[in-house]
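Visitor: Hello! Could you show me this chain and walk me through a few questions about it?

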Amino acid sequence: MEKIIERFKRYIAVDTKSDSDSETVPSTEGQLKLGKLLVEELNVLGLKNVIQDENGYIYGELPANTDKEVPTIGLIAHLDTSPDLDGKVTNPQIVDYQGGEIKLNDQYSLSPAEFPALKDLEGKRLITTDGTTLLGADDKAGIAEIMTALDYLISNPEIKHGTIKVGFTPDEEIGRGADHFNVEAFGADFAYTLDGGPLGELQYENFNAASADLKIQGKNVHPGTAKNMMVNSMKIAMELDSMLPAAEVPEHTEGYEGFYHLIELEGSVDYTEMSYIIRDFSREGFAEKKALMEKVVDFLNGKYGERIEVEIEDSYYNMREKVEPHFEIIELAEKSMEELGIKADIKPIRGGTDGARLSYLGLPTPNLFAGGYNFHGRFEFIPVENMKKAAELIVKIAENAVQN
């Protein structure tokens, strides 16, 4: 288990930031680079059938060491990091945290006042950024935890386990992680993604998700002679946004509450483009949100004369309806946590994972904690103890699957 820090630091040093504007698979070269490194390490560990396919997906197999009939378990994490900030981390800080503020650099600090979770982490060993990059615990912590658990199982053959399949996916952060995942060839009965947050998270519900892209055509006329002629597309965009429920935005929602999130707005008097993501946990609420967006567009088109085009496209759906019929998967993880002294924190993912798409492709895939905090930014950090517990949980799940 002590190798986990070494592995994590090696993985985060590779820049695997994904790029939604790229048309290649994977979207960035760095993901192929990290994938090749992982293929080498999996082969050194002794896994079988290790490949990096033409789309950058990594697959491998740890054969069973028992004759007992045991379900085949999949372990999945993603190679890429968020496009929100630089993802090449060559100067991580390891802090034996005793409370108070953690200085990242001359400009940025982690403080308990701003990040209250720190108050519960005194005495823990934290890995932080230097304030110039994200950390990449989402999801290189998951990769390190899977690799460390495999190493431990191989090094301790007295721990009996069934066949374990491993999959590392590209481009999860831009919603493409399951696009080319070969579920049939993977051959698992069920899987877990190691892509959650703090210690204890166990998730089998996620948002239903859609994107809404809007194009607004205005009419630009010299402002000195614009009366009764100018149509300002940016003003239409502002009006459109004001007609959506003000409280149904990320900054005012939590738990099972859905939202509309304006993620991009670029325009001029003549022409404006807007992009939203739409999220809701229930199919009914999801449909209502999409219908309201279309109703607002129809109203404004009637008011201003067919100036708005909208394209709404579903991204993924709530995995609950696919996982719940196989609730023994959740019970296996919860029992394994309990035996390790971890309190299971079962709650919905206010986002999505590869597991959502994979569950609809026939591979039930709930999500386990990877252990980190403040993903996607310079304030990201992870307790080493959480990473070790995640690796121990994988081992315990494999062990309990044999005993069940």
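Visitor: Of the contacts in the chain with a separation of 6 or more, what share comes from residues 24 or more positions apart?

Guide: Keep in mind that this is a predicted model. Take the contacts with a separation of 6 or more and pick out the pairs that are 24 or more positions apart; their share is 79%.

Visitor: What radius of gyration does the chain have, and how does that fit a compact globule?

Guide: The chain has 404 residues, and a compact globule of that length would come out near 22 Å. The chain agrees with this, because its own radius of gyration is 23 Å.

Visitor: Which residues of helix 1 are buried, and where on the helix do they sit?

Guide: Helix 1 covers residues 3-12, and its buried residues are Ile4, Ile5, Arg7, Phe8, Tyr11 and Ile12. Seen down the helix axis, these fall within an arc of 165°, so what they line is one face of the helix.

Visitor: Which elements cover those buried residues of helix 1?

Guide: Several parts of the chain are involved, including helix 2, strand 4, strand 7 and helix 3. Also among them are strand 17 and helix 10.

Visitor: Which side chain of opposite charge is nearest to Glu380?

Guide: Glu380 sits in the loop between strand 16 and strand 17. Glu380 is buried but has no salt bridge. A salt bridge needs the charged atoms within 4 Å, whereas the nearest side chain of opposite charge is 9.6 Å away and belongs to Lys140.

Visitor: Which residue has its backbone nitrogen 3.3 Å from a polar side-chain atom of Glu380?

Guide: Glu380 touches several residues far from it in sequence numbering, including Ile127, Leu135 and Asp138. The backbone nitrogen lying 3.3 Å from a polar atom of the Glu380 side chain is that of Asp138.

Terms used: Residues numbered from 1 in each chain as written. Predicted model: local features only at pLDDT ≥ 70, side-chain atom pairs only at ≥ 80, totals over all residues. Heavy atoms only, no water. Helix = DSSP H or I, 4+ residues; strand = E, 2+ residues; numbered from the N terminus. Buried < 20%, exposed > 50% of the residue type's maximum accessible area, 1.4 Å probe, protein only. Lys, Arg positive; Asp, Glu negative; His and termini not counted. Polar contact = N/O pair within 3.5 Å; in protein donor to acceptor, adjacent residues only side chain to side chain. Contact = heavy atoms within 4.5 Å. Arc of directions from axis to C-beta. Rg over C-alpha atoms; globule rule 2.2 N^0.38 Å. Lists of a residue's contacts leave out its neighbours within four places in sequence.
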